[in-house]
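Reader: I am new to this structure and would like a close look at a single part of it, followed outward to whatever surrounds that part. Could you take me through it carefully?

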Amino acid sequence: MFQFYYQGFKNMTVGKRLWTIIIIKLIIMFLILKVFFFPNFLKSNFKTDEERGNYVIKQLTK
Amino acid sequence: MEHVDFSLVDWSRAQFALTALYHWLFVPLTLGLSFIIAFMETQYVRTGNPEWKRITKFWMTLFGVNFAIGVATGIILEFQFGTNWSNYSWFVGDIFGAPLAIEGIMAFFMESTFIAVMFFGWNKVSKKFHLISTWLVAIGSNLSALWILVANAWMQNPVGMEFNPDTARNEMANFAEVLFNPVAVNKFYHTVLSSYILASVFVVGISAWFLLKNREHLFAKKSIIVASIFGLSASFLTVLTGDGSARNMAKYQPMKFAAMENLYMGQQNAPLTAIGFLQKNALESDPSKQDFVFKIEIPNMLSYMAFLDPNAYVPGIHDLVKGNTERNIMSYSERSEKGKVAITSLSEYKNAKKAGNDSIANDALVKFNENYAHFGYGYYANRDLNELIPSVPTTFYSFRIMVGLGFHFMALFMVVLLLARKDKLEKYRFILYTALWTIPLAYIASELGWVVAEVGRQPWVIQDILPTIAAVSQISSTSVQITFGLFFIIFTGLLIAEIKIMITQIKKGPEGETIETEIKTS
C-alpha cells in the first residue's frame, strides 16, 4: 500500500505543481484565515452551550 | 428589530456569495467530468481499444487539475457560518450536522480512497478494478453533492424539524423528511444534471479546439460523441427537473416565483414571459402601469408550469405583500404581526422559565408554537415590508439567460453529434468555434442557476423563519470587508492557476501516439 502511494506521487508530472498549490492553499485557509480571521464567534465568546443558546435567544428576541 | 447594520449584513452576504460563486466554478466540472471519464474508461475495458485509454487519461488529468484546485474551497463557507452567521449557525446546527457529517465521511473515504486508485492504479490493479474505482469516484462525488444540497434545500423549505425554545436550536425530528424533502430531491437532480451539461460542453469545446488546430482527430471525435450524448441526455432531463423546480418554487417560495416572473399582479391563466425587457421601477408604486418595455408571452404557460393547470391562479408580488382574501393569501403585515407574537412569546417563555413560573412559560410556548411558521416575518413588524421582496430584475434576467443558454447547449450537442457521426465536423469551422466559445457560457449559465435560487429567496436564510438581518453575527463590518478582499485575491489566484495549468495540459494533448497516427505512419 505504501509503495502504491509512494510510486504514484513519485511518478506524478502535473501533480507536483498541483500539490504545491494545494499545500499553500490549505496553509492559507487553515493556519491563517481560520486562526486569525475566522474564529467561531459563539465558541470564542461563550464557554458553555447554555450561554451560547441564551445569547442567541437574546439576539433573536431583542 | 429596528436598528440593523446593513453594511454588516450586505458585506456578509457579499462575502458568502463571492465564496459560493467561486466554489461553484470548480464543482460542476468535477461532478460531470467524473462520469464522462467513467463512460470513456468503460469503452476502453469493453473494447480493449488503447485509444480509449489515451482519451480517458487525458480527461482524467484535467479532472485532477480541477479537483485539486477546487477541493476544500467549500470549507471557507463553513468558516463563514461560524464567524459571520453565528445566530443562523446555532439556530440550524442540529439539522445541518447530520447531512454535513455524512458528506464529510463520504467525501473523505469514498473519493479520496478511489481517486488514488484512479490516478495511481493504471497497470497496478486489474482493468476491472480500476474501472470500478473510476465509477466510485463519480458516484462518490455526486453523493457528496447530495448532502450539501439536502442542507441547502432545507433552508428553502424547512421540514422535519422541531424548534427547541430552551436551546434556541432546530432539532431534527424526522431525517427521512429532511432527506426526501421535495425541494431537496428536485434540487439534487437539477444541480447534478446541469453540472453534467457543463462538463459535456467543456469536453466538446476542448475537443473542438483540437479539431480547429488540426490535431488529434480521432481523440476529438470520440470525445465529442461521448460528451454530446451525455450532455444531450442531461439537457432533456434538466428540462424536466427545471419544471419540477418551478412547481416547488410556486408552492414553497411563491415570492421567489413571482419575482422570477416579474409578476406583480396575480392572475388566472397566467402567461409565461419567454422574452422580456423590464420597465424600470414598474408597478412598485402603481400596479396599473405597464410592467414590460417589450415581451413575448406563451399564453397560460405560467399557470401550467406552476400548478399543472392552465387556468390556475398564480399569486403576484402584490398578492403576497398585501394579501388576497379571495385566494386565501395572508398579507405580509398579518404575518409580521404573528411573527412578532412568536418572537415576544419566545422571550416571555425564557423569562418565565428563568423565574420558575411554569404556567406562564407553558402559555407562552403555546403562543410561540402557534405562530412559529411566521417567526421571521416578526423582524419586519416595524420595517418596510418591501424589504421582503427579492431583486426582481436579477432573478428575472438570470432565469431567462440560464434557460436560453440551456437551449443553446442542447442545440449544440445535437449539431456536433450529428456532424461527428457523419464525420463532417472539420468542414464546419464556425460550429467548432461556437463549441469552443460555449465553454464560458456554460459556466455563466451554471452560476446564474444559483443566482436565481439564492437571490430569489432573499431576505430569507431559512424560508419564513430567519431573515439575514437576524442571522448575522454582531461583528465589525470592517473585518468582513477585509476578509472579502482576501477571499477575492485567493480565489482569483486559484482560478488563474487552474486556467493556466489546464491550458498547458490541453496544449500538450493526450500522452503517447494516437492509433490514427500509428496507422498513417506504419
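Author: In this predicted model, B:Asp243 and B:Arg247 both belong to helix α8 of chain B, which covers residues 217–252, and the two are four residues apart, about one turn of the helix. Their side chains meet in a salt bridge, with a distance of 3.0 Å from N to O. Over all chains, the structure holds 13 salt bridges.

The helix that carries this pair also takes part in an open space. α8(B) gives the largest share of the lining of the second largest pocket, namely ten residues. That pocket contains about 1,200 Å³ of space, and its lining is made up of 45 residues, among which B:His190, B:Gly242, B:Phe399, B:Met402 and B:Val403 lie nearest the centre. Besides α8, the elements of chain B that contribute two or more residues to this lining are α7 (182–212), α9 (254–260), the strand β4 (272–278), α10 (301–307), α14 (392–421) and α15 (429–455). Sorted by class, the lining of the second largest pocket comprises 26 nonpolar, 15 polar and four charged residues.

From the open pocket one can turn to the enclosed spaces, of which a search of the whole structure finds two with a volume of 30 Å³ or more. The largest cavity has a volume of about 40 Å³, and the residues that line this cavity are B:Met255, B:Lys256, B:Tyr332, B:Leu388, B:Gly456, B:Arg457, B:Gln458, B:Trp460 and B:Gln463. By class, this lining divides into four nonpolar, three polar and two charged residues.

The second largest cavity, with about 30 Å³ of space, has a lining drawn from both chains: A:Lys25, A:Met29 and A:Leu33 are found there together with B:Thr73, B:Ile76, B:Phe487, B:Ile490, B:Phe491 and B:Leu494. Two helices, α2 (14–37) of chain A and α17 of chain B, each supply at least two residues of this lining, and α17(B) gives the most, with four residues. Seven of the lining residues of the second largest cavity are nonpolar, one is polar and one is charged.

That cavity leads on to the contact between the two chains, to which chain B brings 52 residues and chain A brings 35 residues. The area buried between chain B and chain A is about 3,600 Å², and carbon and sulfur atoms give 77% of that area. On the side of chain B, the residues that lose the most area to chain A are B:Phe79, B:Trp90 and B:Phe120, which together account for 20% of what that side buries. Among the elements of chain B, α2 (50–70), α3 (75–83), α4 (86–120), α12 (332–355) and α17 (477–508) each supply at least two residues of the side that touches chain A. The residues of that side divide into 29 nonpolar, 20 polar and three charged.

As for the kinds of pairing across this interface, seven residue pairs are found in polar contact between chain B and chain A, counting pairs with both residues at pLDDT 80 or more, whereas the count of salt bridges between chain B and chain A is zero. The salt bridge with which this account began, by contrast, joins B:Asp243 and B:Arg247, both of them within helix α8 of chain B.

Conventions
Residues are numbered from 1 along each chain as its sequence is written. Chains are lettered from A and ligands numbered from 1 in the order in which they are written. This is a predicted model: local features need pLDDT of at least 70, side-chain atom pairs count only at pLDDT 80 or more; totals for chains, interfaces and linings use all residues. Side-chain values use heavy atoms; hydrogens and water are left out. Contact means heavy atoms within 4.5 Å. Buried area is the accessible area (1.4 Å probe) that two parts lose on being put together, summed over both. A salt bridge is a side-chain nitrogen of Lys or Arg within 4 Å of a carboxyl oxygen of Asp or Glu. A polar contact is a pair of N or O atoms within 3.5 Å; within protein, one must be able to donate a hydrogen and the other to accept it, and residues adjacent in sequence count only if both atoms are side-chain atoms. Ala, Val, Leu, Ile, Met, Phe, Trp, Tyr, Cys and Pro count as nonpolar, Asp, Glu, Lys and Arg as charged, and the others, Gly among them, as polar. On a 1 Å grid over the protein atoms alone, a cavity is a set of points where a 1.4 Å probe fits but cannot get out, and a pocket is an open set with protein on both sides within 12 Å along at least five of seven lines; lining residues have an atom within 4 Å of a point. Grid points are joined across faces, edges and corners, and a volume is the space filled by probe spheres set on the points.
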